[in-house]
Structures are given as C-alpha cells and as structure tokens.
Amino acid sequence: MGNHSDGSPNHSGTVATAGQNEVEKFQDPGLPPHRLRLADTDPVAAKRAERQVAILFGTSVIGTLVFLVAYFAIDLGDDTTIATIRNQNLLLGLGTAFAMLGIGTGIVHWAKALMPDHEVSEERHAIRTEEDRQAAVRIVDDIVEETGIKRRPLIRNTLLGAVALAPLPALAIFGDLGPRPDDALAHTMWAPEGGKLKRLTRDPDGTPIKASDVTIGSAFHVIPEGLNELHEGKLNEKAKAVVLLMRLDPNSLHPSEGRENWSYNGIVAYSKICTHVGCPVALYEQQTHHLLCPCHQSTFDLTQECKVIFGPASRPLPQLPIAVDAEGYLVATSDFREPVGPSYWERDEHERLINS
C-alpha cells in the first residue's frame, strides 16, 4: 500500500503538501472573441431593428386601447347575453396580453439587436466613498448612452407611450371594486326600526322563534325579521346578520359587566360570521359548549362570551342582545355592539361609533 501522506509526483498520494512542487494549474482562457451583429455593421439593419422595436411598443399601445374600448364601449346591462360577455372577456384578455407582450418583447429585442453586447470584466477593488459615487454616476450615464435612447427618438417615444398607457387597464379594473362601504359594515338589519324590535326568525323560512322552542342543547340558524321580504341587497344583509341561537344552563354562563341582560334564561345569540376570514361558524359541540369554524378550526367558547380558545381568529364572535316580547317571541333589543366579521382598517372606529 502506498504512502498517502506525500502528494508529490514521485508518490501515489493525492494530497499536495506545503513545500512540494506545485502541480500545473489551468490557464485562464480569457474572453472569447467578440462577434459583431448585423446591426453593428449595417446601418440599414440597425434602422430596421429600430423600426421593429417601435412596432412592438406600438403593439402595446394598441393592446391597451383595445382593452379600454372593450371595457367602456361594451355595455353590460340587464339584458346582456352570454355571447356579449364572452366577446368582451375575449377582447379584454387579448388587449391585456398584447399590451404586456408588446412592452416585454420590445425591450428584449431592443437589448439583443441594438444595445452594446460586448463583455467586460474588471477586478474587484476596495469600496471607497466619493470616488465610488462618482463612478456610479458615470456607470449610469454610460448605460443611458449605450441604450441609444437619446439617439433613437422613435424607440423613446413609442416606449414612453406604451409605458404611460399600460397602467390604464388596471385603473379601470379598480373601478369595478364598487363604492366605498363607509359605515355599511358597522350596521345590520337587527337595529330596531321606528322603535319596533326585530324578531329572531328561522333561516331560511323566516318563521319567528319563541323562547319555549329553544331547548337546552339545541341550536338555531337565525335571520332577522323582514329579511326575506327584501328585493335588493338581500344576500349582503344576510351575510352580516346571520346568527346562531343556543340555550345553555344559565349557571354555566359568565357574562361580563354590562352584558347581564343580553341573554334570556340561558338563551344566547352570536354572530355566525367567523372573525378570522368570514367563514360561517356552523358547528356546535353541546358537551363542551364550543362553536367551531370548519374553515380554519377557530374555536369559540360560549360560556365565555365566545372567546377564542383555539385557531387563528383574533376576536370573539359579536353577541346579539336579545329579550322576549309580550307574545313570548325572541327579539333583538339592539343591533350588534361591534362590527361583525373579520378585522378591517376602520373596524375600531366603527365600534366606537356604534357605542357612542
């Protein structure tokens, strides 16, 4: 067996040691010879490439205009047919595609055909202060000069036009987000109308619920009285007002100060909308008195005013104050005292407005 502690050519070892003759190193091959492009040697080819880039930028402008015409000129009214919607979607898609594709391919073709393509290498050096800043400014000036944008006004003007128009489709789409909600998220149909309290009714048939109908361990899906009579905005109002109604042993409830009269003989009502991302909380576990959101497993404890005990939700479910009218039907004594659903940027302000 050979001695592997010696890496000289006279031994079979493979590890070189200090003081030995150095093995021949690979030579630096250097940069390959630069190959000129046709546009570098032929002014006609350079002019042709410039026109091609301008055409691509112009295609982007046309694509943006097609999008805007299709968006604003095609009216989608109540009698709109599926064919009209399909044609508008086709034009919107083609307009956006050509608007983005024209800019992208135009810049790539400009770089490959007209901008300098020679390779440059330089040694790294220590970072300095003022000299480095001046060098950086010179580099930027060199880049602008190498692009040829000052010498090629056709490319410059078409690029500016394409870039200026490209954001317009996005701005148009933002207009379809609808009107500002203002304080619409802070109020529901549970608020009394003309001094009359709203009865709790079954979802979906809208029949009123008596306190005697609610037994311990039962759960009702509830909507406000009058919701089914709405002709416009019914789904939006329902999404804010749906409630879960349950009855527990009154001794197991632990109301906080000011909420002692928000329930009736162990009957409590809480918003069905999860405070995480707005999924419907529809699972009630009778033995533990827990409400579970099936989307992300947020769990709320009924005995602690629906405090979050597990999951990503950050707020308890809002409680609906309830009582019983003269006929024994359950009614809401007021609207929710806080906005329902997930957190949003004005929620705290709306909560102060409700309680003021």
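The following dialogue reads selected features of a predicted model.

User: How should the sheet be read, and in which order do its strands stand?

Analyst: Strands of a sheet pair through backbone hydrogen bonds, in either a parallel or an antiparallel sense. Here, 6 strands make an open sheet with the order E4-E3-E2-E1-E10-E9, and the pairing is antiparallel. E4 and strand E9 (322–324) stand at the edges with a single partner strand each, so one side of each has no neighbour in the sheet. From one strand to the next, the twist averages 40 degrees.

User: How many bridges join E3 to E2, and how many join E3 to E4?

Analyst: E2 and E3 pair in the antiparallel sense over 4 bridges, while E3 and E4 do so over 5 bridges. Individual residues show the register. Leu245 of E3 is the bridge partner of Phe220. Towards E4, Val243 stands opposite Ser271, and Leu244 stands opposite Tyr270.

User: Which residues of E3 point one way, and which the other?

Analyst: In a regular strand the side chains alternate between the two faces of the sheet. In E3, Val243, Leu245 and Arg247 point one way, whereas Leu244 and Met246 point the other way. Both sets are buried, in keeping with the count of 5 buried residues out of 5 for E3.

User: Which residues have the most contacts inside the largest nonpolar core?

Analyst: They are Trp190, Leu200, Val222, Leu245, Leu320 and Leu330, in a core of 18 residues. At least two residues of this core come from each of strand E2 (219–224), strand E3 (243–247), strand E4 (267–271) and strand E10 (330–332). Another core, of 17 residues, lies apart from it and includes Leu291, Cys293, Cys306 and Leu317.

User: With which residues is Leu245 in contact, leaving aside its neighbours within four places in sequence?

Analyst: Among them are Leu200, Ile209, Val214, Phe220, Val222, Ile267, Val268, Ile322 and Leu330. Ser218, Ala219 and Ala269 are also in contact with Leu245.

User: Turning to helices, what span should helix H5 have at 1.5 Å a residue?

Analyst: The 13 residues of helix H5 (residues 153–165) should span 18 Å, and the end C-alpha atoms are 18 Å apart, which agrees. Helix H4 (residues 130–147) can be read likewise: its 18 residues reach 26 Å from first C-alpha to last, close to the 26 Å expected. Just after H4, Gly148 takes a positive phi of about 75 degrees.

User: Which residues of H5 are buried, and which are exposed on the other side?

Analyst: Ile155, Thr158, Leu159 and Ala162 are buried in H5. These residues cover an arc of only 105 degrees around the axis, which puts them on the same side of H5. Leu160 and Ala164 are exposed on the other side. Helix H2 (43–73) and helix H3 (82–113) are included in what covers the buried residues of H5.

User: Where is Glu351 placed, and what is its relative accessible area?

Analyst: Glu351 lies in helix H8 (residues 347–355). Its relative accessible area is 24%, and the range from 20% to 50% counts as partly exposed, so Glu351 is partly exposed.

User: With which residues is Glu351 in contact beyond its neighbours within four places in sequence, and what separates it from Leu76?

Analyst: Glu351 is in contact with Arg315, Arg337, Glu338 and Pro339 when those neighbours are left aside. Leu76 is 275 residues from Glu351 along the chain, and their C-alpha atoms are separated by 38 Å.

Terms used. Residues are numbered from 1 along each chain as its sequence is written. This is a predicted model: local features need pLDDT of at least 70, side-chain atom pairs count only at pLDDT 80 or more; totals for chains, interfaces and linings use all residues. Side-chain values use heavy atoms; hydrogens and water are left out. A nonpolar core is a set of buried Ala, Val, Leu, Ile, Met, Phe, Trp, Tyr and Cys residues joined through side-chain atoms within 4.5 Å. Buried means under 20% relative accessible area, exposed over 50%, partly exposed in between (1.4 Å probe, protein chains only). Contact means heavy atoms within 4.5 Å. Two strands pair if DSSP finds at least two bridges between them. Axes are lines fitted to C-alpha atoms, for helices over the stretch in contact, and angles run from 0 to 180 degrees between N-to-C directions. The expected span of a helix is 1.5 Å times one less than its number of residues. The arc is that of the directions from the helix axis to the C-beta atoms.
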